[in-house]
Amino acid sequence: MHSLTQTLTYKPRLTVSDAISLQNKWTFEKASRLLTSLFRKLSVIFSVDQLLRHLQQVLETHEVNWKHVLCFLSTLLVYNPSAQPSLRELLSRLLTSAFEGYDLESMITAFLLARQGALQGPAIFPSYCDWFKGCFGGASGFHATSKKSLVFLLKFLSDLVPFEPPQYLKVHILHPPYVPVKYRSLLMEYVSLAKTRLADLKESVEEMGLYGDISGAEAAPVQCQAVQDVDKAVSLFESTGRLSATVMEASIFRRSYFLTRFLPTLLKPKVLPVKADAQMSFIEALKKADKIPAAQYSAYVDSCQRLRQQEGNVVRVDNHDHPLELLEVQLQELVEHVVDGSEGDISAQLSKISHTLGFIFPGLTTDAFEQEVIQLQTDTPPFSELHMKVVNVILRWFCQCILDSSKVLSPNKQMTWASRFVSVFACNIQLLSCLLHRIWDLLHNQGSLLSGPHMLGLAAFVVHLHASTLQRPLVHLASLCPAKPVPISEALSSALVCSTQTNMLFCVRFCMAAVSYGICRGDSLTQPLKDLIPSSFYKKLQYLIPRLLPEARRTAGSKEAGIQETDSFGLWSNAKDSSSHWKKTAWCLWRHPAFSQLRQAPQYQLSFTEWLANESQVERSKDAMTDSERLEYHQWACLHLYLTAPDNEGGCGGSMKSVFFHLIHALMDQQSSEKSPKDHAISQRGTCLPDIICILQEVVYEMDLTTTAVSHPGSSDVCDFLFELASERFSGSLTEASAQLSCEHTLNTWNRVLLALPSVSFIKVKAEEGRRHLDCDKLIQHINQHQRSVCLPGGLLSFHLTSHFLKGILYASARCSHVGEEFCKTWSLISQRCPLLLVSTVYWWDRMSAAMLSLWCRLSDGETPPAQLQIIASSQHWACSLMGGQLLRVPSAPALLLASSIYEALQGRQDVHAALSLLEPDKDFKHREVLVFLLFLCVNNYLSALLYPQEKCHRKAIKLCTEVLRVAVDSTDWLLIFKSNAAEKGVYQSVTMVTSDRCDQLMPWAFYSVLLEQSAELRHKVVRRPDFLSVAVCCYIGLQQIFLDGFAISDPPESQILSRSKRFLLSAIPHTPASSSSCRLLTQLQTQCVDVDPEVAAALFAHLNAHTLITEMEFL
């Protein structure tokens, strides 16, 4: 040891700065043979640890000869393979000491020793670049404990800059030490200083090769260096099957060299062979990693294609290699690698397969791959025969290979060949689309024909496909028209329908295979289980297993599920059994801990809404359950499982109101979605909707009972919930573009649900001051606001709705103390505020009177029918007598009720003029009101016939209008129903609540249509009415607006009715008497007509001036 000390401290004339500058010349190869011989002998006598400890002691206590010290270290490393870990420990101790005490000498020593080791080459010691990154490149580095440590390091590196060889400066720039964002400016100061020093040395960081020698050897020319880098990168990729870290880092930190030197050299155009070579596979891997700009890659592909065309479209492939045959050969070779090959062999073979598939499916991915949406044409897949053959070969091979490999090893012990094989397709949209079309067809149309192995293989394939395409791309199901594109697994899940017993059995077996395979694979991977198991398949099992396996209902949603520890491979083994053992597999899977654990994740929870959507699609005649079994199952699911399940788990949180809302929404959504002929056919065959309606009725009954039991002022009952839900649905369905159609469709759907519920549910019974009375405000509001909008054709509520509402009022009245009195009070209110229900009741009274009177007898224990029902009956009798030519005493009933009775009696009669002439509007005010209301009902019927010509003949309707007008023409009241402002209609305001808004907008059309059909004599009488001109001008302006709004009425055409109306109005203006009050109104209308029709405005102006002149002359 004394000799070693003497040697290391001999003539210590060289300074540290000299050592830093000259270190490259003091390697083992350049050292004195005498020195290396001495050092070698010492390394034989003493151990490496002893020698290094002694070296550290000498460095700490003596001035040393740095050349001898560094040569000693080189010799020690070269002749002792075990010296590397010992040196690493020494360097770690030195750096720890340096940063603890901010000791500059320990820092310098560590750097000199590390660089000396790196100079001996990677076989002896890691490169300086790797050592520097390992010590300072991460957040756990020696310098990362505090700002003071960071400043210490950067100041040390800055002090070295004047003496540093350029290769070390490049390492510090290209792989800088880790620096928190807030101290980034400190690092940039050092980088700027280092780059300035490199510029002084005429060295460029950007031109440094990827695999350059850090020891300071002469660098190759830039062009040659790029070629060497490409060759080395391709070689490493070919041997490892992965992109090297050096290439990936260069694409980020050395982007200029990567884009301007490396990629142009790599992407030099050539004729591409069918069988991908290593360079082509390397290029594809870079493209998949988004390391090649789209424009540069496209230019490369185009250039290669042009070269192929220039060479006569010659494809470099052996004469006996057809693409499909070549693919089959490559797949067979992959089988051999799967069984006994290495990961590298599999990667190389997958690269070849990827290239072959890229040749068959040239539709490569784009840079916008994340936004790519695959259009899934479920009816006619748009692919060639070759593409379908290739897809069949791929799927058949995968299914067979997955089963063969599972016989040797369970999925959790196999290599990652399957996931890597499937990931080959994930980057080729055309191939992926073809695969999805084929799998969707197999699952949807041929599920019952699939063999067990085929089904299991497909399940495993779908699991890997799900894991490979978690974020991209999305799929749009063209035939099913979803609201938005969905992930691949969800699109494939939609192919698994659960409408029949056969479909359910296939679906449960397929989903069990997929979920079991995912759980088994998850045992060996760090990847989360949710990335391996599609939530849509898991939800299918949550729906089907309790439905088909009653014992599973005992543990559904409870903590008992998952207590049985089951081997994951056992799940997969059971899934491979025949279909007769599926119940055993389902029971094991249902109780498996991993399966139960997934149920805690929100995306894996089958909500009540989803359960209802599934159940509403089941065909009752082909269900696996009998009617009684299904009823029992529905009661368990709705009133036990989901009623008690928390809201955040898709349940109702114990709220019967929530169950009620879910059920009604499900019924409406299902009936609203029946748009395709296939959906309608299923509905005609019979779904489970009647069973769901039964549950809804049970829920409504319980809510009614509980509300009655705990009622208190301000409490809500079933009636409130029903109309709250109705308002919610209608407010959500109206849009500016399609308000009318949307409202009609929603309301028709709602009415089907409404008729299935107890009629009394729509009438609220209130208890105030010890007395019960009816509250029909919400019913009246609902009819006036919503039902009125779709009361066409006919301008009436349907018979079933009218009967339902009237029965509800009768039932609710029976809950009150004074039944008859409460009914009469309520019906009087309805007659005033809800004329549509009144008119509809009178119209349908003949059909429903027997049932209503019978119901009343049952409810009132045989009491006389209430006065309001008797009034309806007497009004009907009065109207029938009138039609028979006998005018009886007018009943004490509202004029609208009497008019409705006459209107109903007029239906089907030919000659009604004689009967109507018995009414005397000029002598009896009641008769006049009845005639005006009757005219309105006839006009409304005419408009209904125009809008729905397939339902009614408008010629008959307008003839009836004529007959009524002939009797009512001598009165001016009939003009009031054509006024646009409801307030101006006087006692006839209620007519606006009998017709729809659409018909109300068309009243100007009806006004002129009816008048133009009259004789000249009758029109002359009409024109002489005092208020005629103001109504006629107002209706003409409204008619113009109808034309501008685009109302399409074919008979008579718009242009014809407009021209005829204008001629009639122009001819009528001079013959119309004018009063002072009407002149003021006509002056306002004349101003409006200036923009609508200047000719009519001029005629009005002349008429008004003439009237003014006559008035002045009379005054004089």
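Reader: Hi! Is Arg620 buried, partly exposed or exposed, and what is its relative accessible area?

Author: Hello! In this predicted model, Arg620 is partly exposed, because its relative accessible area is 30%, between the 20% and 50% cut-offs.

Reader: Thanks. Which residue does the side chain of Arg620 meet in a salt bridge?

Author: That would be Asp691, with an N to O distance of 2.8 Å. Arg620 lies in the loop between H29 and H30 and Asp691 in helix H33 (residues 689-709), so the pair ties together parts that are 71 residues apart in sequence.

Reader: And Asp691, buried or exposed?

Author: Buried: Asp691 has a relative accessibility of 6%.

Reader: Where does Asp623 lie, and what does its salt bridge with Arg547 tie together?

Author: The side chains of Asp623 and Arg547 meet at 2.8 Å, N to O. Asp623 lies in the loop between helix H29 (608-615) and helix H30 (627-644), while Arg547 is in helix H25 (residues 535-548), so this salt bridge ties together parts 76 residues apart in sequence. Both Asp623 and Arg547 are buried.

Reader: How many salt bridges are there by this rule?

Author: The count comes to 28 salt bridges. One of them pairs Arg729 with Asp669, whose closest N and O atoms are 2.8 Å apart. That pair links distant parts of the chain, with Arg729 in helix H34 (residues 718-733) and Asp669 in helix H31 (residues 656-672), 60 residues apart.

Reader: How accessible are those two, Arg729 and Asp669?

Author: Arg729 counts as buried at 17% relative accessibility, whereas Asp669 counts as partly exposed at 40%.

Reader: Which residues do salt bridges with shared partners join into one network?

Author: The network holds Arg547, Glu615, Arg620, Asp623, Asp627, Arg630 and Asp691.

Reader: New topic, backbone angles. Which residue in the loop between helix H6 and helix H7 should I look at?

Author: Try Tyr102, in the loop between helix H6 (83-101) and helix H7 (104-119). The phi of Tyr102 is near 50°, a positive value in a residue other than glycine. For background, most residues other than glycine have a negative phi. Tyr102 counts as partly exposed, at 28% relative accessibility.

Reader: Nice. What about the phi of Asp861?

Author: Asp861 has a positive phi too, about 60°, although it is not a glycine. Asp861 sits in the loop between helix H40 (845-860) and helix H41 (867-883).

Reader: Last one: is Asp861 buried or exposed?

Author: Asp861 is exposed, because its relative accessible area is 73%, over the 50% cut-off.

Methods. Residues numbered from 1 in each chain as written. Predicted model: local features only at pLDDT ≥ 70, side-chain atom pairs only at ≥ 80, totals over all residues. Heavy atoms only, no water. Helix = DSSP H or I, 4+ residues; strand = E, 2+ residues; numbered from the N terminus. Buried < 20%, exposed > 50% of the residue type's maximum accessible area, 1.4 Å probe, protein only. Salt bridge = Lys/Arg side-chain N within 4 Å of Asp/Glu carboxyl O.
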